[in-house]
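Trainee: I would like to practise reading single residues and then the whole fold. Can we begin with a side chain and work outwards?

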Amino acid sequence: MSQKSFSSLGVSQDTVSILDKKGYEFATPIQEELIPHFFNSDQDLIAQAATGTGKTGAFGIPLIDSMDYAKKEV
């Protein structure tokens, strides 16, 4: 199993720094698969994996990373 860093998946350095502070150094396999698709595709994604494998992070990390905090809207 390879261990990819979040920055190698396209996550910004600001978000990577926050993940590091929380103890997340490497992406899980489901995150390795989904995060690049989030940044590089406009297609809908459906993923199935066991509980505890990082699915929430796979969708949540790139979503939070792509938010424009200057805007006061969703």
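Mentor: Start with burial. The model is predicted, and in it Gln31 has a relative accessible area of 7%, so it counts as buried, the cut-off being under 20%.

Trainee: Where does Gln31 lie?

Mentor: Gln31 belongs to helix 2, which covers residues 29–40.

Trainee: Which residues is Gln31 in contact with, leaving aside its neighbours within four places in sequence?

Mentor: Read such a list for the parts of the chain it brings together. For Gln31 the partners are Phe6, Leu9, Phe26, Pro36, Gly54, Gly57, Ala58 and Ile61. Helix 3 spans 55–65, and Gly57, Ala58 and Ile61 are among the partners of Gln31.

Trainee: What lies 2.9 Å from a polar atom of the side chain of Gln31?

Mentor: The backbone nitrogen of Thr28 does. Thr28 sits in the loop that joins helix 1 to helix 2.

Trainee: How should I class Thr28: buried, partly exposed or exposed?

Mentor: Compare the percentage with the two limits, under 20% for buried and over 50% for exposed. Thr28 has a relative accessibility of 24%, so it counts as partly exposed.

Trainee: Which residues does Thr28 touch beyond its neighbours within four places in sequence?

Mentor: Thr28 is in contact with Thr53 and Gly54. With Thr53 there is a polar pair: the side chain of Thr28 reaches the backbone oxygen of Thr53 at 2.8 Å. Gly54 is also listed as a contact of Gln31. For a distance between backbones, take Thr28 and Gly57: they are 29 residues apart along the chain, and their C-alpha atoms are separated by 9.1 Å.

Trainee: Now Val11. Where is Val11 placed, and is Val11 buried or exposed?

Mentor: Val11 is in the segment before helix 1, which runs over 13–21. Val11 is buried, at 5% relative accessible area. Outside its neighbours within four places, Val11 is in contact with Phe6, Val16, Ile35, Phe39, Ile61 and Asp65. Phe6 and Ile61 appear there, and Phe6 and Ile61 are also partners of Gln31.

Trainee: How far is Val11 from Asp42?

Mentor: In sequence they are 31 residues apart; in space their C-alpha atoms lie 17 Å apart.

Trainee: What is the contrasting case, and how is Ile18 classed?

Mentor: Ile18 is in helix 1 and counts as exposed, with 53% relative accessibility. From Ile18 to Lys72 there are 54 residues along the chain and 22 Å between C-alpha atoms.

Trainee: And near the other end, where is Ser66 found?

Mentor: Ser66 is in the segment after helix 3. Ser66 is partly exposed, at 45% relative accessible area. A polar atom of its side chain lies 3.0 Å from the backbone oxygen of Leu63. Between the C-alpha atoms of Ser66 and Asp20 the separation is 18 Å, for 46 residues along the chain.

Trainee: Stepping back, how many helices and strands does the protein have?

Mentor: There are three helices and zero strands, and the order from the N terminus is α-α-α. To judge compactness, set the radius of gyration beside the globule rule. Here the radius is 12 Å, close to the 11 Å that the rule gives for 74 residues, so the protein is as compact as a globular protein of that length. Its C-alpha atoms fill a box of roughly 40 × 30 × 20 Å along the principal axes.

Trainee: What do the totals for burial and contacts say?

Mentor: Of the 74 residues, 23% count as buried. Among contacts with a separation of 6 or more, 54% come from residues 24 or more positions apart.

Trainee: And what about the surface and the charges?

Mentor: The accessible surface comes to about 5700 Å², and carbon and sulfur atoms hold 53% of that area. There are 6 positive and 10 negative side chains, with the centres of the two sets 7 Å apart.

Conventions:
Residues are numbered from 1 along each chain as its sequence is written. This is a predicted model: local features need pLDDT of at least 70, side-chain atom pairs count only at pLDDT 80 or more; totals for chains, interfaces and linings use all residues. Side-chain values use heavy atoms; hydrogens and water are left out. Helices (H or I, at least four residues) and strands (E, at least two) are DSSP runs, numbered from the N terminus. Buried means under 20% relative accessible area, exposed over 50%, partly exposed in between (1.4 Å probe, protein chains only). A polar contact is a pair of N or O atoms within 3.5 Å; within protein, one must be able to donate a hydrogen and the other to accept it, and residues adjacent in sequence count only if both atoms are side-chain atoms. Contact means heavy atoms within 4.5 Å. The radius of gyration is taken over C-alpha atoms; the globule rule is 2.2 Å times the number of residues to the power 0.38. Accessible areas come from the Shrake-Rupley method with a 1.4 Å probe; for residues, only the protein chains shown count as cover. Lys and Arg count as positive and Asp and Glu as negative; His and the chain ends are not counted. The place of a charge is taken as NZ of Lys, CZ of Arg, CG of Asp or CD of Glu.
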